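Subject: Structure handover

Hello,

Here is the structure I promised to pass on. Please open it first, then read my notes below.

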Amino acid sequence: MRKTLMLAGFLLAAAPALADEKPVLTVYAPEYFAGEWGPGQKMAEGFEKTCGCDVKVVGVDVLPRILLEGDKTPADVVVGFTADVMQRAKDTGLFAPHREDLSRLTLPVAWTDDTFLPFDWSETAFVYDKTKVKNPPKSFADLLNAPDDAYKIAIEDPRTSLSGLALLLWVKSVYGDKAPEAWAKLAPKVLTVAPGWSEAYSLFTKGEADMVLSFTTSPAYHIIEEKDDTKAAAIFTEGNYFLAETAAQLKGTKHPELAQKFMDYLLSDDFQGMIGVGNWSYPAVMKPGFLPPEFEALPKAEKTLFLTPEAAEALRAPAIEEWRQAFRK
Amino acid sequence: MSGPRIEARIPVAFPLAGGSAALIVAALILVPLGAVTMTAGGLRAPSPADLEALWFTLWQAAVSAAVSCALAVPAARALNRRRFPGRTALVALMGAPFVLPSIVAVTALLTVFGRKGLVNEALGALGLPSVGIYGAHGVILAHVFFNLPLAVRMILHGWQAIPSERMRLAASLGFGPAEVARHLERPMLRQVLPGAFLAIFLVCLTSFAVALILGGGPRATTLELAIFQAFRYDADLGRAAALALAQVAVTLIALGLAAAVTAPPAFGAGLDRAGERLIPTGRLRTAKDATVIALIAVFLLVPLATVLTGGAGQIPRLPASVWHATAVSLAVAAGSTVLTVALALTLATAGRKWAEAAGMLPMAVSSLVFGTGLFIVLRPLAPPAMLALPVTLIANALMSLPFALRVLLPEAKRLAADYDRLAASLGLRSWARLRFLTLPRLARPLGFAAGLAAAFSMGDLGVITLFSDGHQQTLPMAIYAMMGSYHQNLAAGAATVLTAITLGLFYGLDRIGRRSDDM
């Protein structure tokens, strides 16, 4: 075992000498982003054209990995934190300001954070099958007051999933102190609480769940990739909850200039143009032609709800406890 | 160890190997656990939610184990009594749910028992109300589905291990079923059942994916899930370590209890002739056995068939990356199977309680905490991505070890009890003993153990996710990646591939073992 490790160490030491001399920019990203089906590889190729560097996109569970590695992390840049966990990430003190001009952003909310740079966004929504749900809810109130057997919903666990956390904060933004009552009404309609978006969405596509907590942009995938227009996202009159994916550069990066250039690249036309069908969300700097017409035509949220990162962090633990209690009955 | 004591004992095959293997396994498990605790700077007191998780974990594990064992006894008895075409294939296939990757198994169960599953469709067609699977009972149903095969196999082995001389004696004494039960079957069950119960209890103790999806909500939180939650948002190692230690404690207590109630082998040595069974005749008994076998086969095999057929149409569309991931998974499975079998054989033939205990340790530890501990220990030495595959190989081998050991132990003990004196008098030692006694005599459980190890390794989605940078991908990871990006159909196709390979390996290795035993 130890010999194998030593051998691995030698191989590693030899590796940079064998490769060309280009610097390597290491980018941590969630697996759905870094993998074959996400925009990670195209993003790397796009940036490599201009940076004179190699980009290594590493698919990991970003927040726990950064917390575990601390200032020894080999990452130069991370992508994928939502606003709801930004505060937790910021508190590590590991990240440097992005130095980007935020006036270019075309988000439905005002973004002021100087460290985390949003590069795409969407809103939480319950996605349903139009052929099965004849009376889709038009508001949260509709959803809560529907008979318990009207539809069964798959949601995500706020303790293990960022979409689950967004749902928690959505309910909190709409109902505030009345959130426990809202959860009590919602709980009987919840088919199950899945650990993550993938499992919940699978239950929906298999027909087990009539609705799933996903995003306003989810139907775009089915319409464009599968030529299937039976899936729709319910737009609620109280508003849908804003969800942005952000990127940040590490203070301890060995390539600060490259990292900065990478932040610039994230808002460039090249990358912003690939976000729509690459990550099935809206670009943070929208320009004409970035989205296919079918995507452009999706119904948009009437009102966007959004909690500041500080407020989200303060609400998180008590809101999880409220949620947990509602499901104990 | 001093000279005279060696004289007094029957020597084992490789006296030092058992100790070294035990030490390596214990270190591989305990060092990562220690590393997590140390990095956390201590343990964190559990919250009320954690205590609820502990209670739910114990409760569901005990109920799942009890139900599985209760159903397995009649099934194993019927299978032992009856011979029918396809019996061998059925026994082998029945092991399948136990080795199904959980990511696939949950889907299979939902296709049958889900809200829109076969059972509810049938009930609906008959105008009957539907049955819900989500909740604590869903978790138990799933655990019984997974573990009933394990219990049936362990108990069936017990039945087959009753020496045929005893059966002949019983026949010549004119024993009816009641006497056979009292004098032969009950002592055998006393010996086999605690082990089966314990094995299932322990499997369910660390249950994760099943409880996540079928549990219905936070009430069905297991310890392993609580550990995942502790990591996911906060990387709260203190809480994770405290929960992991609670798991270890529960496992050790369960192991102790099982050791206390397990009876020693009661039959003595036979001449090892096969094929002697007491077959109760009469239409009623035959019909009863046939019904039991049919029910169990339907319960276990129909969900399996749905996975195999569900995604088959997608297979031609699978991208090259899936086939690459398949090759990686196969290579890792091959390595970890060899390692598991070598470790299990060494520990099982050491003839020492502590060797057994060390072999059971991997079961006690949360694979998430274990993986994180390894990550903490190894990170300063090499980049995690470089270690992803070797570490996964070792981790998979360790995670399969308790099962392999459980399968080998009863027969290794019987082998020692029956042949130690003969081997000693012949001066059969080390390699010769391994070659001419141990391997041939243990071929059947070894094949089964290898099949289990290979299948577990194929389906594992644990440690690799902590080390991989996304480029070294196993098949379950590839499936998960497709599920995470709207490609649910392709994921179903890859799940069919995974299931077919897993079953092929399990069935093939088990068959090799049984073939060698028959020779």
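Confidence comes first. Chain B has a mean pLDDT of 82, and 91% of its residues reach 70 or more. Keep in mind that this is a predicted model. The start of chain B needs care: over residues 1-10 of chain B, pLDDT stays under 50. For that stretch the model has 7 contacts beyond four places in sequence. Where pLDDT is low, the predicted coordinates should not be read in detail.

Chain A averages a pLDDT of 90, with 94% of the residues scoring at least 70. Its elements span a range. Strand β8 (residues 211-215) of chain A has the highest mean pLDDT among them, 97. Helix α1 (residues 2-18) of chain A has the lowest, 49. Within chain A, residues 9-18 have pLDDT below 50. Beyond near neighbours in sequence, that stretch has 4 contacts in the model. For the model as a whole, ipTM is 0.83 and pTM is 0.86.

Now the interface between the chains. How many residues of each chain are in contact? The contact involves 55 residues of chain B and 62 residues of chain A. Together the two chains bury about 5200 Å². Of that area, 59% is on carbon and sulfur atoms. On the chain B side, three residues lose the most area to chain A: B:Pro218, B:Tyr233 and B:Tyr486. Together they account for 18% of what that side buries.

Polar links also cross between the chains. There are 3 salt bridges between chain B and chain A. One pairs the side chains of A:Arg328 and B:Glu52, at 3.0 Å from N to O. The count of residue pairs in polar contact is 15, with both residues at pLDDT 80 or more. Which helix gives the largest share of the chain B side? Helix α12 (residues 223-234) of chain B does, with 6 residues. By class, the chain B side that touches chain A has 29 nonpolar, 18 polar and 8 charged residues.

Next, look inside chain A. The domain assignment gives domain 1 (21-121 + 243-295) and domain 2 (124-241 + 300-326). Their C-alpha centres lie 26 Å apart. The contact between them takes 19 residues from domain 1 of chain A and 20 residues from domain 2 of chain A. These domains bury about 1800 Å² between them, 74% of it on carbon and sulfur atoms. On the domain 1 side, A:Asp84, A:Leu243 and A:Trp280 lose the most area to domain 2. Together these residues make up 39% of what that side buries.

How many salt bridges does the rule find across this domain interface? It finds 0. Polar contact between the two domains comes to 2 residue pairs, both residues at pLDDT 80 or more. Three elements of chain A give two or more residues to the domain 1 side: β3 (77-82), α5 (86-90) and α13 (293-296). The largest share, 3 residues, comes from α5(A). By class, that side has 12 nonpolar, 4 polar and 3 charged residues.

A good place to begin is the salt bridge of A:Arg328 and B:Glu52. Then turn to A:Asp84, A:Leu243 and A:Trp280 on the domain 1 side in chain A.

Best wishes

Notes. Residues are numbered from 1 along each chain as its sequence is written. Chains are lettered from A and ligands numbered from 1 in the order in which they are written. Side-chain values use heavy atoms; hydrogens and water are left out. Contact means heavy atoms within 4.5 Å. Buried area is the accessible area (1.4 Å probe) that two parts lose on being put together, summed over both. A salt bridge is a side-chain nitrogen of Lys or Arg within 4 Å of a carboxyl oxygen of Asp or Glu. A polar contact is a pair of N or O atoms within 3.5 Å; within protein, one must be able to donate a hydrogen and the other to accept it, and residues adjacent in sequence count only if both atoms are side-chain atoms. Helices (H or I, at least four residues) and strands (E, at least two) are DSSP runs, numbered from the N terminus. Ala, Val, Leu, Ile, Met, Phe, Trp, Tyr, Cys and Pro count as nonpolar, Asp, Glu, Lys and Arg as charged, and the others, Gly among them, as polar. Domain bounds come from an automatic or database domain assignment. pLDDT is the predictor's confidence in each residue, from 0 to 100.
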